[in-house]
Amino acid sequence: MNPIAAAPFVFLSTLSVLQFVLVAGHESQGTNGGSKAGVVNMNLIQQACQHAPHKDLCINALKNDPNSKGADLIGLAYISIRLAGAYASEVDAHLRSLLINNATTLSPVVQQGVADCIEHYSDANEQLDDCVAAMSTKNYKDVEVWVNVAISDADYCDNSFAGEKSVVLQKNEEFRQLCNNVLAVVKALPPHGKE
């Protein structure tokens, strides 16, 4: 299968796994720092976001996600990964649309930059998929590594325009902020992950 055509399938598969993990996590919560099902624990969300460079964005993103109701810290980490992955897919779709709908109006440098960014965001989604696998084994150090690689993909995207202004500069910044939310939540997790 063509890698560009496979990207939405990979993302949807990851969303299905995350949804299963979140639902299973909610059903099995007890005294592990979760809250009552159906209630957003703002104290827990504030604890999860305490290390975020953009604390308000982190708190609002988690508070407004319906899966945060009853989630413990690990559930909030999965949610933050899902939010970053969903946004990466949104940026990827935006880039594909730019390339298809504006092929005749974009300069060759910008066209190549957009094509490179599509590859970088495909890679970023793969890194976030790897985060889900690392979370499932409580390997939080690997989560941090994969998220930092995904952030680098956004940086590489910005640099893909060879002196031209990036057509996704703001979206790249928002993606980096969502990735930083993941790093903040993972940092707040209990230190029983693999080193």
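This short talk goes through the fold, the cysteines, the salt bridges and one charged surface patch of a predicted model.

Let me begin with the overall architecture, since the later points refer back to the helices by number. The secondary structure of the protein chain comes to seven helices and zero strands, so that, read from the N terminus onward, the order of elements is α-α-α-α-α-α-α. The protein chain has 195 residues, and buried residues make up 46% of them.

I turn now to the cysteines. A disulfide, to recall the chemistry, is a covalent bond between the sulfur atoms of two cysteines. How many disulfides does a search of the whole structure find? The search finds two, and, when the bonded cysteines are counted along the chain, their pattern is 1-2, 3-4.

One of these disulfides joins Cys49 to Cys58, with a sulfur-to-sulfur distance of 2.1 Å. The link between Cys49 and Cys58 is left-handed, with -75° about the S-S bond, and both of these cysteines are buried.

The other pair is Cys117 and Cys157, whose sulfur atoms lie 2.0 Å apart in a disulfide. Here the torsion about the S-S bond is about 100°, and the disulfide of Cys117 and Cys157 is therefore right-handed. This pair links distant parts of the chain, given that Cys117 sits in helix 5 and Cys157 in helix 6, which covers residues 140-158, with their positions 40 residues apart in the numbering. As for exposure, Cys117 is buried, and Cys157 is buried too.

There are also cysteines to discuss outside these bonds, and here the distance deserves some care. Why is Cys131 not bonded to Cys179? The sulfur of Cys179 is the closest cysteine sulfur to that of Cys131, but the two are 8.0 Å apart, which is too far for a bond, given that a disulfide calls for sulfur atoms within 2.5 Å. Looked at from the other side, Cys179 is in no disulfide, and its nearest cysteine sulfur is that of Cys131, 8.0 Å away. Cys131 has a relative accessible area of 0% and is therefore buried, and Cys179, at 0% relative accessibility, likewise counts as buried.

Next come the salt bridges. Side chains of opposite charge can pair when their charged atoms come close. The structure holds five salt bridges, and I will go through some of them in turn.

Asp92 forms a salt bridge with Arg96, and the closest N and O atoms of that pair are 2.5 Å apart. Because Asp92 and Arg96 are four residues apart in helix 4, which spans residues 73-101, about one helical turn separates them. Asp92 is buried, as is Arg96.

The side chains of Asp158 and Arg176 also meet in a salt bridge, at 3.0 Å from N to O. In this case the pair links distant parts of the chain, with Asp158 in helix 6 and Arg176 in helix 7 (residues 169-188), 18 residues apart. Both Asp158 and Arg176 are buried.

Arg176 has another partner, Glu173, with which its side chain meets in a salt bridge at 3.4 Å, again from N to O. Arg176 and Glu173 are three residues apart in helix 7, so about one helical turn lies between them. Is Arg176 buried or exposed? Its relative accessible area is 12%, which means that Arg176 is buried, whereas Glu173, at 30% relative accessibility, counts as partly exposed. Taken together, Asp155, Asp158, Glu173 and Arg176 are linked in a network of salt bridges.

My last topic is the surface. Glu119, Asp123, Glu126, Asp130 and Asp142 form a negative surface patch. Which helix gives the most to this negative patch? That is helix 5, residues 108-136, with four residues. Glu119 has its place in helix 5, and its relative accessibility of 56% is why Glu119 counts as exposed. Helix 5 is also the element that holds Cys117 of the disulfide with Cys157, and Cys117 is buried.

Terms used. Residues are numbered from 1 along each chain as its sequence is written. This is a predicted model: local features need pLDDT of at least 70, side-chain atom pairs count only at pLDDT 80 or more; totals for chains, interfaces and linings use all residues. Side-chain values use heavy atoms; hydrogens and water are left out. Patches are made of residues with over 30% relative accessible area and no salt bridge: like charges are joined within 9 Å, nonpolar side chains (Val, Leu, Ile, Met, Phe, Trp, Tyr) within 5 Å. Accessible areas come from the Shrake-Rupley method with a 1.4 Å probe; for residues, only the protein chains shown count as cover. A salt bridge is a side-chain nitrogen of Lys or Arg within 4 Å of a carboxyl oxygen of Asp or Glu. Lys and Arg count as positive and Asp and Glu as negative; His and the chain ends are not counted. The place of a charge is taken as NZ of Lys, CZ of Arg, CG of Asp or CD of Glu. Helices (H or I, at least four residues) and strands (E, at least two) are DSSP runs, numbered from the N terminus. Buried means under 20% relative accessible area, exposed over 50%, partly exposed in between (1.4 Å probe, protein chains only).
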